[in-house]
Amino acid sequence: MKAVAVIGIGKTAFGAFPDRDLRSLAVEAGQKCLADANVSASQVEAFYLGNFAGPSFVGQNHLAPYVASGIGITDVPCTRFEAACASSGSAFFHAVSSVAAGIYDLVLVGGVEKMTSQSTPKVTEILAGAGDCSGEVRVGATFPALFAMIARRHMHQFGTTREQMAAVAVKNHANGAKNPLAHMRKVISMEQALAGKLVSEPLTVYDCSLISDGAAAVMIAPLERAHEFTNKPVKVLGIAQTSDSVALDSKEDITTFRAVRMAGEKAYRMAGVTASDIEFAELHDCFTIAEIIATEDLEFVPKGQGGRYALEGRTCLKGERPVNASGGLKAKGHPVGATGVGQICDVVTQIRGEAGELQVARHSLGLAENLGGSGATAVVTILGAA
Amino acid sequence: MTAPSQHATVYTETVVHMAPEQFTADAPYQMAIVTLEDESRRTVRIAGERVHIGDAVEFVEDRNGIPFFRKKA
């Protein structure tokens, strides 16, 4: 297997953009990425696109060539990947696999979602399609409801508190306020977070990520060729995609995501590192409880200690191991199909030392965790300075 | 799907305030994952009194394919 490097990144702002369509967002991210990588569209050998529900949100299918042609990429394989909220994490995993295998050298990986043209109840219904539509969804489960039930069980078994979950929201909003590309650039207080409007008990709006439009892209190449294009390549040290059952009620223990644990173990082994080596991370905080559980599943802390870890401030920007310096899905926004590749962009930006006000102190080894549904897909990527 | 077991225990629960489009008229409603007598789990709706983790519940009826359980007296 060849070593693989990220040689370019590109992101749109995340937010609600009534004047922008899905393609214009994806094309903007792709073009920014090509420029950052010093690669022309005609050099791209394959295009992998993560998108969860373009057909439902905007009525457009056949998205990969639709976007690629807008970027100026034609003739080559262009393929869409769908794995719920891990759609572009999955696209990235498969793109890295194909470059590592020697099939292609230059692959562009994009992710996009255009969500805000639909009403919140309609978005809620479309997102619920990532659950088991013959069981939990038919009964009335939304994604906030599934994660609310996960939170309740975590609180019951480990004594996790509302304050601990709110601490995640307060931290991620504080970071997002400094991120020029974030959807919600607003600092919130603990009191506000606790008094938010109920979505699905015990989760309030402040426990839930945002409904956003946005796109992100990364260019990858064999590490041995990276210096032809950039003087700041970032190496993919470890990567794994894993799966589990879709229905929450078929999981034996809902206070942990088995897929994340397995992906973490595989990625750590591939990178030859342990959890304690990871200096900072972008974790999939679709809900505050998901960030807490991710810190446990990735072995940053022992099982059941994630809530306390967050409340003690150890995951803050200036903490011992910053989590979601970008603002996370909570504040940066969660255009579902763009999230996985967006996380890779954020980790690469940190490793390059280009994160400005949000730069973490130690930034040579970072991790991104992208979760699909209530844990049916997980992608964990470990990136390091090349 | 097999007929629901009559008795179960609440494994976890939530009250949904923001419902998907097809259930907005029902909100707020309580749902739960319950552990049935055979140890399998099932996602159900709760009728009547609010339930908590560990509560014993029993099957009430199936409404439009949705199983409803309620707190055992």
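At what angle do the axes of helix H1 and helix H3 of chain A cross? In this predicted model, the crossing angle of H1 (residues 22-37) and H3 (residues 63-71) of chain A is roughly 55 degrees, and the two axes come within 9 Å. That value makes H1(A) oblique to H3(A), and the crossing is a right-handed one. On the H1(A) side, the contact is built from Arg23(A), Ala26(A), Val27(A), Gly30(A) and Gln31(A). H3(A) answers with Tyr66(A), Val67(A), Gly70(A) and Ile71(A). Sorted by class, that contact comes out as five nonpolar, three polar and one charged residues.

A little before H3(A) there is an oddity in the backbone. His62(A), in the loop between H2 and H3 of chain A, has a positive phi of about 55 degrees, even though this residue is not a glycine. What makes that worth pointing out is a general trend: most residues other than glycine have a negative phi.

Another pair of helices in chain A meets quite differently in angle: H8 (residues 162-176) and H12 (residues 288-297) pack at about 100 degrees, their axes 8 Å apart. H8(A) is therefore roughly perpendicular to H12(A). Here Gln164(A), Met165(A), Val168(A) and Ala169(A) of H8(A) meet Thr288(A), Ile289(A), Glu291(A) and Ile292(A) of H12(A). This contact holds five nonpolar, two polar and one charged residues.

Stepping back to the whole of chain A, the count is 15 helices and 11 strands. Its C-alpha trace spans about 55 × 45 × 35 Å along the principal axes. For 386 residues, a compact globule would be expected to have a radius of gyration near 21 Å, and the 19 Å of chain A agrees with that.

Chain A is also split into two domains by the domain assignment, and each of them is made of two stretches of sequence. Domain 1 covers 4-118 and 211-234, while domain 2 covers 125-210 and 237-385. Their C-alpha centres lie 22 Å apart. Where they touch, 40 residues of domain 1 are in contact with 37 residues of domain 2. On the domain 1 side, at least two residues each come from strand S1 (4-11), helix H2 (54-58), helix H4 (87-100), strand S4 (107-114) and strand S7 (213-222) of chain A. H4(A) gives the most to this side, with seven residues. The class breakdown for the domain 1 side is 23 nonpolar, 13 polar and four charged residues.

Chain A has a partner too: 26 of its residues are in contact with 25 residues of chain B. The elements of chain A that give two or more residues to this side are helices H5 (120-128), H6 (136-139) and H7 (143-158), along with strand S5 (198-200). Which of them gives the most? That is H7(A), with seven residues. By class, the chain A side of this interface has 12 nonpolar, six polar and eight charged residues.

Finally, each chain offers a cis peptide bond to look at. In chain A, the bond from Glu201(A) to Pro202(A) is cis, with omega near 10 degrees, and Pro202(A) sits in the loop between S5 and strand S6 (203-204) of chain A. In chain B, Ala27(B) and Pro28(B) are joined by a cis bond with omega about -5 degrees. Pro28(B) belongs to the loop between strand S1 (7-16) and strand S2 (29-36) of chain B.

Note on methods
Residues numbered from 1 in each chain as written. Chains lettered and ligands numbered in written order. Predicted model: local features only at pLDDT ≥ 70, side-chain atom pairs only at ≥ 80, totals over all residues. Axes fitted to C-alpha atoms, helices over the stretch in contact; angles between N-to-C directions. Helix = DSSP H or I, 4+ residues; strand = E, 2+ residues; numbered from the N terminus. Parallel < 35°, antiparallel > 145°, perpendicular 65-115°, else oblique. Left-handed = near helix turned anticlockwise from the far one by under 90°. Contact = placed C-beta atoms within 7 Å. Nonpolar A, V, L, I, M, F, W, Y, C, P; charged D, E, K, R; others polar. Domains from an automatic or database assignment. Rg over C-alpha atoms; globule rule 2.2 N^0.38 Å.
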